[in-house]
Amino acid sequence: MAHHRTFDLLSRLPKVDLHLHLDGSVKPETLLELALHQGIDLPVYDREGLIPHMRVGEECGSLIEYLSKFHFTTRIMQSGEALERIAYEVVQQSAEHNCKYVEVRFAPQLHRNNGLTVEETIHHVVEGMKRGQRDFGVRGGVIAICMRNHSCQSNLEVIEAAAQFVGKGVVAVDLAGDEAAYPPEFFREVFAESTRLGIPVTIHAGEAAGAVNVYEAVTNLGAVRIGHGVRLKENRSILEMVKERRIPLEMCPISNIQTKAVSSWEAYPIREYLEQGLLVTINTDNPSVSGTDITNEYRVLSDRFGFTAPELVKLIMNGVDAAFLDEADKLLLRREMENEISSLGVSL
Ligand SMILES: O=c1[nH]cnc2c1ncn2[C@@H]1O[C@H](CO)[C@@H](O)[C@H]1O
Ligand SMILES: [Zn+2]
């Protein structure tokens, strides 16, 4: 019955999720309703039948294959109403797993097929999250994503628009997409602009390519956090640099296995990263693509790596430390979480 107790504890522990893509977090029933409402054709018209179209399976062989799943959801995410609803439901789902804080990221340029401006897409996602915060008590922030397969011009538009929402819902900018084909150095000009404007930067790096991309992201793109960083272990001196600079890693275990960022769970470097003093955080990446949720991420880690309750709490509180929140808000969040953790009988 030990497993039962762990299960219960994991769902009840307060958590945060810092790396979650809006277009990878769509409930199948919502996709169905929005498609019907918008007159968009689907291959099937029942919730269960949609799941295989939205989710990767065991057989997923690469990040490229993983990324092929996103067209299916972005098709129905071309209106303000759809963006707002999905953002709201992400906050609701976070609340169901006792997440106290969630950072939701999306790429504005992927939601403009029906004429929305970059600013309008951001406005609607921010509104959905605000409404979610009011109804479910989960605080949050939005991260605007630049896409690796988009031009610098198009990505600069995202940075400029994001800047207008800093302090009003947007907390950072990111770079996502096919890392192997588009290395970070292609985007120096784009992130020089975010640095100039004072917007915090996180970059997907060391996922589908080597540790050198983490180096480039930190030293030349101004990244203060790294998405995944799984392949950091391939280079000792870059790993040391990330440790010294206290750059948090937004790790997403289930997704990292599916995209083949590592070959197997045995090769997943989370325990060694923790022991080496890296600021590892645990996140979902794409609940509806990966078939996961934040409780499941912690459950799989405890099962695979035998993490103890204090180790799980350490991973959770690393997430609080890494949050794009100002110090006062971070302190409030930390206190709230510590109180709740203590009341569950887990020592800090
Ligand atoms: O793990 C990932 N690595 C790189 N790119 C990703 C990952 N997950 C999602 N996206 C990309 O980010 C876009 C905006 O949310 C998605 O459409 C997908 O193309
Ligand atoms: Zn991601």
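Strands here are DSSP runs of E, at least two residues long, numbered from the N terminus. Keep that in mind as you click around this predicted model.

**Stop 1: the ligand.** Select ligand 1 and bring up its surroundings. The shell holds 17 residues, and those that come nearest are His-21, Leu-67, Phe-70, Ala-107 and Ala-176. Colour the shell by class and you get eight nonpolar, six polar and three charged residues.

**Stop 2: the annotated site.** Now pick His-21, Asp-23 and Gly-177, which an unreviewed UniProt entry marks as "binding site". These residues spread over 157 residues of sequence, yet they cluster in space, with a largest C-alpha distance of 12.8 Å.

**Stop 3: His-21.** You've met this one twice: His-21 is among the residues nearest ligand 1 and also carries the UniProt label. Look for His-21 in strand 1, which covers residues 15-21. Buried or exposed? His-21 counts as buried, because 26 C-beta neighbours sit inside 10 Å and the threshold is 20 or more. For contacts beyond four places in sequence, show Arg-105, Phe-106, Asp-285 and Asn-286.

**Stop 4: Asp-23.** Step along to the loop between strand 1 and helix 2 (28-38), where Asp-23 is found. Asp-23 is buried too, since 25 C-beta neighbours lie inside 10 Å. Which residues does Asp-23 touch, leaving out those up to four places away in sequence? Select Phe-70, Thr-73, Thr-74, Met-77, Phe-106 and Leu-110.

**Last stop: the links.** Leave Phe-106 on screen: His-21 contacts Phe-106, and Asp-23 touches Phe-106 as well. Then highlight Phe-70, which Asp-23 touches and which is among the residues that come nearest ligand 1.

Conventions
Residues numbered from 1 in each chain as written. Chains lettered and ligands numbered in written order. Predicted model: local features only at pLDDT ≥ 70, side-chain atom pairs only at ≥ 80, totals over all residues. Near = placed C-beta within 6 Å. Nonpolar A, V, L, I, M, F, W, Y, C, P; charged D, E, K, R; others polar. UniProt positions renumbered as here; feature names shortened; annotations may be inferred. Helix = DSSP H or I, 4+ residues; strand = E, 2+ residues; numbered from the N terminus. Buried ≥ 20, exposed ≤ 12 C-beta atoms within 10 Å, placed from the backbone. Contact = placed C-beta atoms within 7 Å.
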